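Colleague: I have a structure open on my screen and would like to learn how to read it. Could we go through it together with a few questions?

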Amino acid sequence: MNNISIILTSESSSDLARTIQRELENVKIYTKASVENTIQISSINDCVKELFGKTGAIIFIGAMGICVRSIAPYIQGKHTDPAVICIDSTGKYVISVLSGHVGGANDLTKRIARILGAEAVITTQSDNTNLWALDTIGDKYDWVTTSNTVNFNQPLTSFVNRKPTALLLDVTDEGTQYLERTVPEHVKIYYRYEDIDLSKYELLIAVTPYIY
């Protein structure tokens, strides 16, 4: 992930920030304190306002309340917001706060937790139930993802709530092979569209070069 910004709410956490900076690329540290090799700021709120649309991830080291209040005025949507992570001042917990899937906060949370020897806290249901992340899986395999629903959260919700789902695979690649290996119990795989009785399913997922 490019351009990671760490915001320190306390000078005492500077060692945590430097550990992350050593292990990851393109990391800048911002703080109100006078700390060597950091960018000094006058206001956390003003810093967040400046960074929110210009950085790939914002990592707060400090209280969750400060993190949430600072980002609240600038949140727009998961397709535009940066990844936001909060780390407690002792480095015990790394918490994915915003843009977990699309913005990459969940993956970055796990990576930072490994760096610090901390516990990753992720509340996204699909991550915690080992279900496919339908909104981002296409990026991994160079698929273009579209939906016939106005609100893409509708099929996502149906899937994570384990509603009856048909999976159409009429192309073979690395991604479809992964889906076959990891298919959940509420999903039935089909290889021909004509074989699917759509009345039995609430959701159809199709990995296909065709429009049906």
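Modeller: Gladly! Let us begin with a word we will need: two strands pair if DSSP finds at least two bridges between them. Keep in mind too that this is a predicted model.

Colleague: Thanks! In what order do the strands of the seven-stranded open sheet come?
Modeller: Pairing in this open sheet of seven strands is mixed. As background, strands of a sheet pair through backbone hydrogen bonds, either parallel or antiparallel. Following the sheet from strand to strand gives the order β3-β2-β1-β4-β5-β6-β7.

Colleague: Which strands stand at the edges of that sheet?
Modeller: Look for strands with a single partner strand, because one side of each is then left without a neighbour in the sheet. That description fits residues 39–40 and residues 119–121. The edge strands are therefore β3 and β7.

Colleague: Which residue in β2 does I7 stand opposite?
Modeller: Strand β1 covers residues 4–8 and strand β2 covers residues 27–31. The two run parallel and are joined by five bridges. Across from I7, in β2, stands Y30.

Colleague: Which helix lies across β4, β5 and β6?
Modeller: Two helices are worth checking here. Helix α2, residues 44–51, lies across β1, β2 and β4, and runs at about 170 degrees to β1. The helix made of residues 64–71 runs at about 20 degrees to β6 and lies across β4, β5 and β6. The one you want is α3.

Colleague: Is C86 buried or exposed?
Modeller: C86 lies in strand β5. Leaving aside neighbours within four places in sequence, C86 has contacts that include F60, G62, M64, C67 and V97. G62 is 24 residues away in sequence, yet the C-alpha atoms of C86 and G62 are 7.0 Å apart in space. With a relative accessible area of 2%, C86 is buried.

Colleague: How many disulfides does the structure hold?
Modeller: A disulfide needs two cysteine sulfur atoms within 2.5 Å. For C86, the nearest cysteine sulfur is that of C67, 4.7 Å away, and C86 is in no disulfide. For C47, which is buried at 7% relative accessible area, the nearest cysteine sulfur is again that of C67, 12 Å away. The count of disulfides in the structure is zero.

Colleague: Now the three-stranded open sheet: what is its strand order?
Modeller: The pairing in this sheet is parallel, and β9 and β10 are the edge strands, each pairing on one side only. Neighbouring strands are turned by 20 degrees against each other on average, direction ignored. The order is β9-β8-β10.

Colleague: Which residue in β9 does L167 stand opposite?
Modeller: Strand β8, residues 165–169, runs parallel to β9, and four bridges join them. Helix α8 lies across β8, β9 and β10, at about 145 degrees to β8. Opposite L167, in β9, you will find I189.

Colleague: Is H186 buried or exposed?
Modeller: H186 lies in the loop between α8 and β9. Beyond four places in sequence, H186 is in contact with L131, F159, R162, K163, P164 and T165. The relative accessible area of H186 is 12%, and the cut-off for this class is under 20%, so H186 is buried.

Colleague: What kind of aromatic pair do Y190 and Y201 form?
Modeller: Y190 belongs to strand β9, while Y201 lies in the loop between β9 and β10, so the pair ties together parts 11 residues apart in sequence. Y190 is buried at 10% relative accessible area, and Y201 is buried at 18%. Their ring centres are 6.0 Å apart and their planes stand at 85 degrees, so the pair is edge-to-face.

Colleague: How does Y212 count in terms of relative accessibility?
Modeller: Y212 forms an edge-to-face pair with Y210, at 6.4 Å centre to centre and 70 degrees between the planes. Y210 is exposed, with a relative accessible area of 52%. At 47%, Y212 counts as partly exposed.

Colleague: One last thing: which residue lies over the face of Y178?
Modeller: Y178 forms one aromatic cluster with Y141 and W143. Over the face of Y178, at 5.6 Å from the ring centre, lies K140.

Key. Residues are numbered from 1 along each chain as its sequence is written. This is a predicted model: local features need pLDDT of at least 70, side-chain atom pairs count only at pLDDT 80 or more; totals for chains, interfaces and linings use all residues. Side-chain values use heavy atoms; hydrogens and water are left out. Rings of Phe, Tyr and Trp (its six-membered ring) pair if their centres lie within 6.5 Å; planes under 30 degrees apart count as stacked, over 60 as edge-to-face and the rest as tilted. Buried means under 20% relative accessible area, exposed over 50%, partly exposed in between (1.4 Å probe, protein chains only). A charge sits over a ring if NZ of Lys or CZ of Arg is within 6 Å of the ring centre and within 35 degrees of the ring normal. Contact means heavy atoms within 4.5 Å. Axes are lines fitted to C-alpha atoms, for helices over the stretch in contact, and angles run from 0 to 180 degrees between N-to-C directions.
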